[in-house]
Amino acid sequence: MGELRAPPPGGDTASAITTRAAEVIAWAQKYSLFMYPFVTACCAMEFMAVTGPRFDFSRFGAEAPRFSPRQSDLLWIVGTITQRQAPVLKRIYEQMAEPKWVLAFGTCAAVGGFYDNYACVPGIDKIIPCHVYVPGCPPRPEAVLDGLMLLQDKIQRGDRSPQRVTPRVDPAQQPDLALHSIRPRGPRQG
Amino acid sequence: MAQALVELILRRFPEAVVQTHAQLGDETVVVQPAKWHEVAQALRDDPAAAMEMLVDLTAVDFPEREPRFEVVAHLLSLSRGHRLRLKARVGDAGGERAEIASLTDLWASANWMERECYDLFGVVFRGHPDLRRILLYPEFIGHPLRRDYPAERAQPLVPYRDVPNVDKLPPFGPEEGMSFGRRAHELVRDEEVTDEG
């Protein structure tokens, strides 16, 4: 959060606020994200749910979609990216104006999901840098809002390192839900 | 109902039929690839068959067989309400000489389906007006739905980013991501885990 230093209430009534220029610019940026939705697959349904009135991410200042990459500063990658689409995605990313951020929506965009094959890119970070990963197949709207708030936090801090949204409930920790165990590949026993 | 169709083909093209069978009520006729177009045209034009629609056209790869590929066409008669599955076996063990006549002059829907079949299986349709890849890009080498295409071989159009360890970038650890992928993990049933202690 930006440091907005106001005089204590009840004291001096002067209405001046002091802050640092970089912080107020970051504060403005994080509440006026212009998004470019690069929507390719079934995650689009959850994306629509987040943009719709119930979860309503206009509240976060990310209301206006811009269907020109030159006018946008947040690239949403929603869905599976095929090898054939990869040049298009890379060109769109390169056309965006700095400063720009990339959010991978869903497991396919983040790591390729289960499309471990000839057709799909195993995660958009193979092609372009990515700042926030929202896992899920598809992610719930709450997870997407977590991702958006995480991104806003990173913008405020000037932190461009990749980060992911951690699930609020981890199915692997709930034995009732876990039907299978997944373990690292190794020599089979017996 | 479609049994009458099988009998029709057996009567009109006794030398062309390799095999007939029915599975779950779907009648199938396997014909000689040389007679593929002729039989299809008869099925479309014979008033007793009246197959106005080519629903699907694809192929199946049986690498252990010779001929290796089975080209499958699903036909439907809208006016008579019956269906028939037509097959032909082509191609040698190396995947060469997988050639068959195109059905584009009979049904326009064959155009894209034959292109897809060529793209993914490498079956060449003779007489097709525009036989090029439809789903994959022209730079792609090979035909990925052939069983001998390595499952993990990707052919990226743009080079991957020049960063260390691009296969698994932070914040993901080496054991994370691709949780269903064959490279990093194997799936173990819970009971097996307990059996092994």
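Start with chain B: of its 197 residues, 26% count as buried. Keep in mind as you click around that this is a predicted model.

Color chain B by secondary structure and you should find 4 helices and 8 strands. Walking from the N terminus, the elements come in the order α-β-β-α-β-β-β-β-α-β-β-α. If you like contact maps, take the chain B contacts with a separation of 6 or more: 50% of them join residues 24 or more positions apart.

**Next stop: the sheet in chain A**

Hide chain B and show the strands of chain A. There is an open sheet of 5 strands here, ordered β1-β2-β3-β4-β5 with parallel pairing. Select 35-39 and 163-164 of chain A: these are β1 and β5, the edge strands, and each has a single partner strand, so one side of each has no neighbour in the sheet.

Zoom in on the β5 edge. Residues 132-134 of chain A form β4, which pairs with β5(A) in the parallel sense over 2 bridges. Pick Val132(A), and opposite, in β5(A), sits Gln163(A).

**On to helix α3**

Select residues 86-95 of chain A. Which residues of this helix, α3, are buried? Ala86(A), Leu89(A) and Tyr93(A) are. They cover an arc of only 65° around the axis, which means they sit on the same side of α3(A). Show what surrounds them, and you'll see these buried residues packing against β1, β2 (74-78) and β3 of chain A. Now flip to the face turned away from the buried side: Arg91(A) and Glu94(A) are exposed there.

**Helix α5, across the strands**

Select 141-157 of chain A to get α5. This helix lies across β3 (101-105), β4 and β5 of chain A, and runs at about 170° to β4(A).

**Last stop: α1 against α5**

Keep α5(A) on screen and add residues 21-30 of chain A, which make up helix α1. Two packed helices are described by the angle between their axes and the distance between the axes. For α1(A) and α5(A), the angle is about 160° and the axes are 8 Å apart. Angles over 145 degrees count as roughly antiparallel, so that is the label for α1(A) and α5(A). The crossing of α1(A) past α5(A) is right-handed.

To see who touches whom, show side chains on both helices. From α1(A), bring up Ala26(A), Trp27(A), Gln29(A) and Lys30(A); they meet Gln152(A), Ile155(A) and Gln156(A) of α5(A).

Key. Residues numbered from 1 in each chain as written. Chains lettered and ligands numbered in written order. Predicted model: local features only at pLDDT ≥ 70, side-chain atom pairs only at ≥ 80, totals over all residues. Buried ≥ 20, exposed ≤ 12 C-beta atoms within 10 Å, placed from the backbone. Contact = placed C-beta atoms within 7 Å. Pairing = 2+ DSSP bridges. Axes fitted to C-alpha atoms, helices over the stretch in contact; angles between N-to-C directions. Arc of directions from axis to C-beta. Parallel < 35°, antiparallel > 145°, perpendicular 65-115°, else oblique. Left-handed = near helix turned anticlockwise from the far one by under 90°.
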